[in-house]
Structure formats: structure tokens, C-alpha cells
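The exercises below ask you to read burial, contacts and backbone geometry from a structure, and each is followed by a solution that goes step by step. Work through each task with the coordinates open before you turn to its solution.

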Amino acid sequence: MQTAANGLSAAELRRYARHLTLPEFGLEGQQKLRAASVLLVGLGGLGAPTAMYLAAAGVGRIGLVDYDVVDESNLQRQVIHGQSMLGKPKVLSAAARIHDINPYVEVVPYQTALRRDNALDIFRDYDVIVDGADNFATRYLVNDACVLLDKPNVHGSIFRFEGQVSVFWAKRGPCYRCLYPEPPPPGMIPSCAEAGVLGVLPGLIGLVQATETVKLIAGIGAPLIGRLLLYDALDMTFREVKLRKDPHCPICGEQPRITELIDYDEFCGTPGLHTHPFDTAAVPEITVHELRRRLESAELERTNTWLVDVREPYEWQIVHFPQARLIPMREVPQRLDELRQASELLVYCRSGARSAEVVRYLHTQGFKNAKNVRGGILAWAREIDPNTPVY
Amino acid sequence: MAIVANFYATLRPIVGSKRLELPLEAGATVQQVLDYLVQRYPALRNELLDEHGNLYRHVHIFVNGRDVPYLEHGMNTSLTASDVVDVFPAVAGG
């Protein structure tokens, strides 16, 4: 028997029975969820559990923004994706999983990087924005678009064993820029790829985001507005600190200076997503073939050339050149005196991106002898030695 | 009881632990805590302070859950035993 009672079908009433039984939630809460739309920015560690629970809960329309494809290294924490989806776009992998969890949810995939020229158009169609991005530039972009369109920004961010969660909503409290007016200098705060992350961590932080999203939509409880939760998985502690709206905030303050989206890559000093990650032509470089020639001729020692690995120690443990010395990227500024002993510096990392940043930095510090190993270990594995472990 | 400071994310490995009891007298100010920390742990300087010696704007010091710039006396706020200081940077992982 079909029923249109209260706008939910008999099958939906069965599906959401445990919600309907909650006195504080009930039919009204379920109807609000079904009428609501939520945009998830990023389908990584945070977006994966958030998407699954919001779908199961019965959010009517879920938008998914991610340009990336599913990689093996994602599966340790990005539980919405599975082995069978390796190499497939994350938004399509997630859409398939959501359809299986709850066929009543409409999914809108955006297989693109979020940029200043598409953010407002995408955000406009959603009630709540959930920020599960993995870089500072996107986080400022998400914040500014939310402030300009008056949308709540359910924020989560993670580092190794710790997370930060809050709801930024300029109309009702502080925004992200009230808390962090400026990003850190480029490279100072490593990403999850560089620093590592405990797989279960984003599950917890993502589900705090999902919880806040459901509460905002249903209008129940006390939202995490004006409060920041600092979660520590190792100590298993939640610390709550109070956030204030900054009257001088450049976008939501009394006299806003930012009235439209800006260039976030420039603001954060990071290479843009429109730049190919291997487009390192701006810095002097050598190819892996040239590196092999110089390694085989034992020329490095003769010419006092240092091969410098700027990855993290855990990456060094996986694979490194025996001739190399490890100076992780973030230690470089403190170890310039050491580097000055070399006549020439050949800098490498996993893909050639971090090492290009380091070479660019070294040139600003007067190291005209620094060169990037183009493509890094991945290029070495691809073009020189296929037995090289890649990760 | 001593003044306790908690360190997060990239600051934690520099200090070597999440939680420190600071060997400072009650009445020490937040500025004195900061001065002590960068002297005792020189690598903290680059993580906390810009080239002008000002706290980076992606780093926060909270006292008992309150952001220092919003305290009446800001960095000159005196701390008492049992006060808890949290020092954390922005992180962006997702």
C-alpha cells in the first residue's frame, strides 16, 4: 500500500522508524532532512563517513565535490570507497555507495576541483556546506563562499592523531577567518600525505560533522557555533574552546574588505590545482636519467654534490637512495648552514612537487646550485627501476 | 599546582609531549609563558612566531578555553596555578 501521508512513503516510514520514534526528532525532523540539501567538499577521510551517514539518515540531496580518483592509500580510512573502485573518480565511487545505502537520496557529483570560478554556483544550490578538504586554499575558499552566500560551514580538519571541528556561520557566530585570519606559511603544516594520519581519526571527526549537519537541518540541540572542539585520539580527550566573532574580520567583520572570492592559491602561497602537480619548470631540474648517470659514474662525491631527500622519515624508511641525506622539508629553513657545505644540491621527494617547493625556497636563500629531481621517486620507478617501491 | 600547557599537532613533537607543567611562578603572564617556551624549545620559535616576533595568525594560545586576544589584559594576563593553556596551530588535513 502506498501512502503519501506526511510526504513520506510507507517504505520510507519503515526505513526511518528509529528516527520517527525519537520524540525530539520525529516525523518533522525526517521531513526536514528529506527536504534538505548538503554539499560535501572533499570525499577523503572526512567526507567518506559523513556522506555515508548523511545518506543513511535520509538527507534529500547530497552534492559531492572532488576531482580525485580512488587510490590504494585512501582505503585505510576513506571507508566509502572499496577495492573495486580503485582508479575510479571518487565522486562516482561515493555516488554508487550512497545509492546502495539509500536509494531515496539524490546524489549530485561534481568531479572538479573547487575553484573561485565555480564555488558560488555550486554552493548556491545547497543548505549546508561540509568542509572536508585537505588543503588551506580550499578551506579559505569554502569559508568565503559560505560567508558571501550566508551558508553554514560545518568544518572538520585533521592532523595525525588530532582533529578540530566547529560550525562556522557568519550570521550567527564566527567564521573560519575569525579564528584563522591568515594561513600558515607554505609547507609549515604538513598534509596527511606528508605527515600520516591514523585511519580511524577522520571517522570520528567526520561523524561529528555529520551530527552537526543533521542538528542544523532538524533544528535540534545546541550547534557547535562559536565553539571549537580539539580532539586527541591518543589521550582520548575532547577539549572545547570558545571562539569569538572578530569585529575586524576581513570578510564577516563590521567593515569587510573581501566582498568577492579571491585567488586562494596566491593567498596561501601554494601551487594551484589548475597547475599540474609536476609542472615544476619554474625551477632548475634534472631528469631521473641524468640522476642515474651521475649516480653510476660516482660523480656526486667527486663534485661534492649532495642528494637531498626532503620527505618525511617514514617515507625514507620505505625507500631512499643510499647516497642521499634526509632533511625533511620543514627542517630545511633551520638547516641552511649544513646545506651550504655542498657545491651542488639535487633535491628529491616522492613526486617532485615538494622538492620543487624546496628548490624554489633555496633559490630565494641564495642557493643557485640547487636542482629539483623532476618527478621524484615515482619517475625513477616508472622510467629507471620498476622494482622501486612506490606508495 | 603548576600552570599546565597543552600542545597540539606540529607543536607536540617539538615539546616532546602533549602536556607540560610549566616551571613558572603563579602570576606569570601569558607573554612570559611564550618567552619561556621559545627559550626552552628553540624550534618552537619558527612554528609560533613570525619574523617580527609576533604570534603567527594561524596559531592560537587559549587560557582556560578563552582566546588570549579577547582576554582583558591580552598577553599580559597573569596566570594562576591550575590555569590551563592550550597552544595550537591550524591544520588542514581531511
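## Exercise 1: A glutamate in helix 10

In this predicted model, the side chain of E212(A) reaches the backbone nitrogen of L224(A) at 2.8 Å. Determine whether E212(A) is buried or exposed, and which side chain makes a polar contact with the side chain of E212(A).

**Solution.** Begin with the location: E212(A) belongs to helix 10 of chain A. Next comes accessibility, for which the cut-off for a buried residue is under 20% relative accessible area; E212(A), at 7%, is therefore counted as buried. Then examine the polar partners of this side chain: besides the backbone nitrogen of L224(A) at 2.8 Å, the side chain of K215(A) makes a polar contact with that of E212(A), at 2.7 Å. Finally, set aside the neighbours within four places in sequence, and the residues in contact with E212(A) are V154(A), V167(A), A222(A), P223(A) and L224(A).

## Exercise 2: The interface of chain A and chain B

Describe the interface of chain A and chain B, stating how many residues of chain A are in contact with chain B and which element of chain A gives the most to that side.

**Solution.** First take the extent: 45 residues of chain A are in contact with 28 residues of chain B, and the area buried between the two chains is about 3000 Å², with carbon and sulfur atoms giving 56% of it. Second, take the polar part, where the rule finds 16 residue pairs in polar contact, both residues being at pLDDT 80 or more. The elements that give two or more residues to the side of chain A that touches chain B are helix 7 (136-149), strand 5 (153-159), strand 6 (162-168), helix 8 (176-179), strand 7 (227-232) and strand 8 (237-242). Strand 8 of chain A gives the most, with 5 residues. By class, this side of chain A has 22 nonpolar, 9 polar and 14 charged residues.

The salt bridges come next: the rule finds 8 across the interface of chain A and chain B, including one in which the side chains of K18(B) and D232(A) meet at 2.7 Å, N to O.

## Exercise 3: An arginine of chain B

Identify which side chains of chain A are joined to the side chain of R12(B) by polar contacts, and establish whether R12(B) is buried or exposed.

**Solution.** Locate R12(B) in helix 1 (residues 12-15) of chain B. A polar contact of 3.3 Å joins its side chain to that of E162(A), and another, of 2.6 Å, joins the side chain of R12(B) to that of D232(A). With neighbours within four places in sequence left aside, the contacts of R12(B) take in E162(A), D232(A), L234(A) and D235(A) from chain A, together with F7(B), S17(B) and K18(B) from chain B. The relative accessible area of R12(B) is 14%, so this residue is buried.

## Exercise 4: Two helices of chain A

Work out where the buried residues of helix 3 of chain A lie around its axis, and how many residues of helix 4 of chain A are buried.

**Solution.** In helix 3 (residues 26-35) of chain A, the buried residues are G26(A), G29(A), Q30(A) and L33(A). These residues lie on the same side of helix 3 of chain A because they cover an arc of only 100° around the axis. The face turned away from that buried side carries the exposed residues E28(A) and A35(A). The cover over the buried residues of helix 3 includes helix 2 (17-20), helix 4 (47-57) and helix 10 (201-218) of chain A.

Helix 4 of chain A is itself mostly covered, with 9 of its 11 residues buried, among them M52(A) and L54(A). After helix 4 of chain A comes G58(A), with a positive phi near 105°.

## Exercise 5: Positive phi in two loops

Most residues other than glycine have a negative phi. Find where R160(A) and M236(A) lie, and report the phi of R160(A) and of M236(A).

**Solution.** R160(A) sits in the loop between strand 5 and strand 6 of chain A, where its phi is near 55°; it is partly exposed, at 26% relative accessible area. M236(A) is in the loop between strand 7 and strand 8 of chain A, its phi is about 50°, and with a relative accessible area of 53% M236(A) is exposed.

Conventions:
Residues are numbered from 1 along each chain as its sequence is written. Chains are lettered from A and ligands numbered from 1 in the order in which they are written. This is a predicted model: local features need pLDDT of at least 70, side-chain atom pairs count only at pLDDT 80 or more; totals for chains, interfaces and linings use all residues. Side-chain values use heavy atoms; hydrogens and water are left out. Contact means heavy atoms within 4.5 Å. Buried area is the accessible area (1.4 Å probe) that two parts lose on being put together, summed over both. A salt bridge is a side-chain nitrogen of Lys or Arg within 4 Å of a carboxyl oxygen of Asp or Glu. A polar contact is a pair of N or O atoms within 3.5 Å; within protein, one must be able to donate a hydrogen and the other to accept it, and residues adjacent in sequence count only if both atoms are side-chain atoms. Helices (H or I, at least four residues) and strands (E, at least two) are DSSP runs, numbered from the N terminus. Ala, Val, Leu, Ile, Met, Phe, Trp, Tyr, Cys and Pro count as nonpolar, Asp, Glu, Lys and Arg as charged, and the others, Gly among them, as polar. Buried means under 20% relative accessible area, exposed over 50%, partly exposed in between (1.4 Å probe, protein chains only). The arc is that of the directions from the helix axis to the C-beta atoms.
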